[in-house]
Amino acid sequence: AERKGSSAAREFCRKHYLSFPTIKMIRDLKSNTVRELSVSGFVDPNNAGFQNRNDGVSAILQAAICAGLYPNVATRQRGDVNFSTMTNKKAKVHVSSVNGFRGQTLYEKCQVRKGDMQFIVFGELVKGVRTFTMSQTTHLHSPLPILLFCGNLHVRGSFQDEGESGDESNSYSILSVDDWISFRCPSIVASHVVMLRKRLSLLFDKFVRTTSLKDFDPYERALLSTTCSCLVSCFEEYNAKVSSRHK
């Protein structure tokens with residue numbers, strides 16, 4: 001919209017309930033960040049398109065926001081109105097947020113299945129007269145970005161439900177992030193998540209040292225591709241469930 005002039009950009013922001021000064025500030029911040037990354041060798045100024053290859057992929061964008069804002073993550077369960085933050089503060093979505101309008105998923109009472117959790121990522125927690133409110137909010141469709149990119153991940157045991165056989169396929173483990181958010185999943189899934197996270201951590205350390213994707217071998221490139229595919233798959237699975245509930 002900005003290419004059509006300042007008036008068109010302002011109209012776009014008004015139509016989509018966005019703050020024009022804030023969007024302009026974000027644009028300038030992005031330009032400064034790209035310049036600093038380029039100077040440091042992380043971004044190739046002659047191949048800028050490669051860094052934007054996931055442009056428009058909401059699953060990757062959500063994962064990046066989650067990794068950048070953590071521990072600003074809050075959760076709630078079925079029937080809850082308020083969210084609970086990592087410091088156990090009860091909070092609602094700020095009324096100025098696009099997620100704070102009546103009819104929005106995060107505004108209404110939580111409707112996830114019993115035993116599931118709903119996640120929200122926020123930029124700032126503001127103390128009001130009666131309660132806390134969260135601004136700059138993003139509904140996190142899947143907890144996978146938390147497991148792969150946030151905090152310290154711990155895995156506990158290999159348990160069996162009462163009455164289950166000793167078959168390894170029936171065992172489950174508990175994954176916890178910073179001893180706050182805990183997830184129960186099949187032990188084989190927990191093992192794969194832990195291994196994927198460790199390999200991503202090693203790959204990130206290598207990238208920081210070399211600042212070049214050219215040094216990645218085919219297996220490391222496959223690791224990045226697999227991670228993106230997993231994030232997109234979880235994101236789309238959530239969208240499919242939401243669509244089926246509204247039919």
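This is a guided walk through the structure shown above, which is a predicted model.

Let us begin with the sheet. Seven strands, or 7 in figures, line up in the order β5-β6-β3-β2-β1-β4-β7, forming an open sheet with mixed pairing. At the edges are β5 (124–127) and β7 (138–140), each of which has a pairing partner on one side only. If you look along the sheet, neighbouring strands are turned against each other by 40° on average, ignoring direction.

Now pick out β1 (73–76). How do the side chains of a strand usually point? In a regular strand they alternate between the two faces of the sheet. You can follow this in β1, where V73 and T75 point one way while A74 and R76 point the other way, and all are buried. With β4, strand β1 runs antiparallel and shares 4 bridges; here V73 stands opposite V121. With strand β2 (residues 83–85), β1 is also antiparallel, joined by 2 bridges, and T75 has S84 as its bridge partner there. The hairpin of β1 and β2 has 6 residues between the strands, and G79 in this hairpin takes a positive phi near 90°.

From β4 (residues 118–121) we can step to β7, since the two pair in the antiparallel sense over 3 bridges. One pair to find is I120 with its bridge partner H139 in β7. Helix α4 (residues 58–69) packs on the sheet and touches both β4 and β7, with its direction at about 105° to that of β7.

Next come some backbone details. Most residues other than glycine have a negative phi, and most peptide bonds are trans. Against that background, look at the bond between Y70 and P71: this peptide bond is cis, with omega about 15°. P71 sits in the loop between α4 and β1. Q136 is a residue other than glycine with a positive phi, near 50°, and its place is in the loop between β6 (132–135) and β7. D179, also not a glycine, has a positive phi near 55°. You will find D179 in the loop between β9 (172–177) and β10 (181–186). Is D179 buried or exposed? Its relative accessibility is 64%, so D179 counts as exposed.

Let us turn to helix α6 (residues 187–210). Does its length fit, and what span should we expect from its 24 residues? At 1.5 Å a residue they should span 34 Å, and the end C-alpha atoms are 35 Å apart, which agrees. The buried residues of α6 are S187, A190, V193, V194, L196, R197, L200, L203 and K206. S201, in this helix, counts as partly exposed because its relative accessibility is 41%. The C-alpha atom of S201 is 8.6 Å from that of F149, although the two are 52 residues apart along the chain. After α6 comes T211, with a positive phi near 50°.

Finally, consider the cysteines. How many disulfides does a search of the whole structure find? The search finds 0. C230 is in no disulfide, and the nearest cysteine sulfur, that of C234, is 6.7 Å away. A disulfide needs sulfur atoms within 2.5 Å. C230 has a relative accessible area of 30%, so this residue is partly exposed, whereas C13 counts as buried because its relative accessibility is 4%.

Terms used:
Residues numbered from 1 in each chain as written. Predicted model: local features only at pLDDT ≥ 70, side-chain atom pairs only at ≥ 80, totals over all residues. Heavy atoms only, no water. Buried < 20%, exposed > 50% of the residue type's maximum accessible area, 1.4 Å probe, protein only. Pairing = 2+ DSSP bridges. Axes fitted to C-alpha atoms, helices over the stretch in contact; angles between N-to-C directions. Contact = heavy atoms within 4.5 Å. Expected span 1.5 Å × (residues − 1).
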